[in-house]
Amino acid sequence: MSAIAVERPRDRAAASVRRGVGRGLLFLVVLAALYGLWEGYRWLWEREGWTWPFIVDDTTMPHLHDIVAALWAHARPGGVGPRLISILVDGALFTAKEAAVGFGLGALVGFALGVVLAHFRLLQRGLLPWVVASQTVPILVVAPMVVVWANPKLPDNLKDWGAVALIAAYLTFFPVTVNTIRGLQSVDRRALELMHSYAAGDWRILWKLRVPAALPYIFAALKISATASVVGALIGELPSSIPDGLGAQIINFSQYYTTQPRGLWATNLIAAALGISFFLIVLVAEKLIVRRAPENLA
Amino acid sequence: MSVVEIGGVTKRFGQTTALQGINLEIAEREFVSLIGPSGCGKSTLLRIVGDLIQPTDGEVVVNGKSARRARVDRDYGIVFQDPVLYDWRTVAKNVSLPLEMAKWPRQKRAARVREMLELVELTGFGDHRPWQLSGGMQQRVSIARALSFDPALLLMDEPFGALDEMTRERMNMELLRIWEASGSTIVFVTHSISEAVFLSTRVAVMSPRPGRISETIPIDLPQPRTAGTREEPRFFELVTQVREALHLGHDVDRTTPAPQEASA
């Protein structure tokens, strides 16, 4: 019987190294292009004196290299105190803790809710509209309430940041629920018949068939949720007036924007890096966990 | 002793009568093909035998018990037109899936999977992913999976329908070898007259609207069948006989327009 060509492991390793290098180069090219766009826009608008849609100067659009340089400057005037980057990274790590716990909680609740709603059609029809409604309420409205309700109940080691994690979870669970339902119901009819022919019960069908089949859908949602949980944590920090997170830095630097615009931009940069890290972690987890035929990957 | 007894089975989907008064008895070690045009209910009949759908009327007895009991006891293996392999599992893990469901211990499972892969001549492919194999190889994996727990009965729903003619003929030979080696009883759904005649000990010819068995034809070709079997005069006589039976069944309602088939 003729075997079809199967890649040997070494070829595969070499190919993945080549792909990695290619992606790295692509990233650098895009970075350079973005830098060029930003600086080119600045240069053109300043030279022509254009005022639409806004006047371009060092306050509205600082030089990108100035923003990066600001990260290494000492935060307080006169060149004292810690460097800005270490303050921001500390804040980012604190926010990351809230976001990660919120993400984990939201993903679990989202998955569990998805499983329940997928199995009980009536419940799905009854509850799903309310789940959707929960996401149309602006998070800025919900956040202070969650802080006020949850904080008194939280033990000391969870105070404040635990409430923020709940807000992050609130933004996380929804995509996971929707995609879990969709994924669990995506199962091929004959794959189900096969399980029935083995006299498999609902529980085993769930874990041996439905969940593995749903994983690409679930990971597609987790990628959205990963970044949403960071946004949720940042917004959650605002009404809870936690001084340790990136949210406090955002408030702080937005108050000083007219005099120190680079501080807010630098904070933006770190917040974006945090969101991207969350996304990448989920991406790597997906690569390790989801083993599907190429055509079945979401 | 009969492995399958189908008594007066009728199946209606809403207004459509898919099957009408089916009677069929299948003895141990028989290879029975159900052949008929699309929409004659042959796949439906197979699923009723497997208790995957319930008849509107009538009774199915498998191994002396109800079809439901037989399913719960895992008395049959099933093979579909598509391999329906789980692509998140390796080939070996796919074959061992029914054994996991039957709670076999790990050691016993591994030994059995090796044995089954050898039977379908896929030794060494256990660690591959299903999508790395050709269509014919995938279908052999699904046959290995269906046979892994040594079911008394094998239900096959056009298992080679998606394969090219060459692969199909080779798979036919393989199936006969496996049938010989495993000692199971096979119910086989097909569109192909020559395939049905070549493989079977008996062919049940079905006709549509409503689906019924219009004739059963014993195939008295000598066993074991070989590549030469397809060239024997008796083979052609039987092929002709099945073809005429099919057309006869068709002539009855040649004047009525064909409605959309309920189930292929």
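In the predicted model, chain A is divided into two parts by the domain assignment, with domain 1 spanning residues 1-61 and domain 2 spanning residues 82-296. The centres of domain 1 of chain A and domain 2 of chain A, taken over C-alpha atoms, are separated by 27 Å.

Within chain A, helix α3, which covers residues 84-119, packs against helix α6, which covers residues 161-184, at an angle of about 35° and with 5 Å between the two axes. The crossing in which α3(A) passes α6(A) is right-handed. Where α3(A) and α6(A) meet, the residues of the contact comprise 23 that are nonpolar, 7 that are polar and 2 that are charged.

Chain B is likewise described by a domain assignment, in which domain 1 is made up of the segments 1-75 and 153-264, while domain 2 consists of residues 82-150. For this chain, the distance between the C-alpha centres of domain 1 of chain B and domain 2 of chain B is 25 Å. Contact between these domains of chain B involves 11 residues of domain 1 and 10 residues of domain 2. On the side of domain 1 of chain B that touches domain 2 of chain B, the greatest contribution is made by helix α6 of chain B (residues 165-182), which supplies 5 residues. That side of domain 1 of chain B is composed of 8 nonpolar residues, 2 polar residues and 1 charged residue.

The largest nonpolar core of the model contains 143 residues, and the residues with the most contacts inside this core are V49(B), V187(B) and V242(B). When neighbours within four places in sequence are left aside, V187(B) is found in contact with V4(B), I26(B), V32(B), L34(B), L46(B), V49(B) and L155(B). Among these partners of V187(B) is V49(B), which is itself one of the residues with the most contacts inside the largest nonpolar core.

Between the two chains, 19 residues of chain A are in contact with 21 residues of chain B. On the side of chain A that touches chain B, the elements that give two or more residues are α7 (189-197) and α8 (202-240) of chain A. Of these, α7(A) provides the largest share of that side, with 6 residues. The residues of the side of chain A that touches chain B fall into 10 that are nonpolar, 3 that are polar and 6 that are charged.

Definitions and conventions. Residues numbered from 1 in each chain as written. Chains lettered and ligands numbered in written order. Predicted model: local features only at pLDDT ≥ 70, side-chain atom pairs only at ≥ 80, totals over all residues. Contact = placed C-beta atoms within 7 Å. Helix = DSSP H or I, 4+ residues; strand = E, 2+ residues; numbered from the N terminus. Nonpolar A, V, L, I, M, F, W, Y, C, P; charged D, E, K, R; others polar. Axes fitted to C-alpha atoms, helices over the stretch in contact; angles between N-to-C directions. Left-handed = near helix turned anticlockwise from the far one by under 90°. Domains from an automatic or database assignment. Core = buried A, V, L, I, M, F, W, Y, C linked by C-beta atoms within 7 Å. Buried ≥ 20, exposed ≤ 12 C-beta atoms within 10 Å, placed from the backbone.
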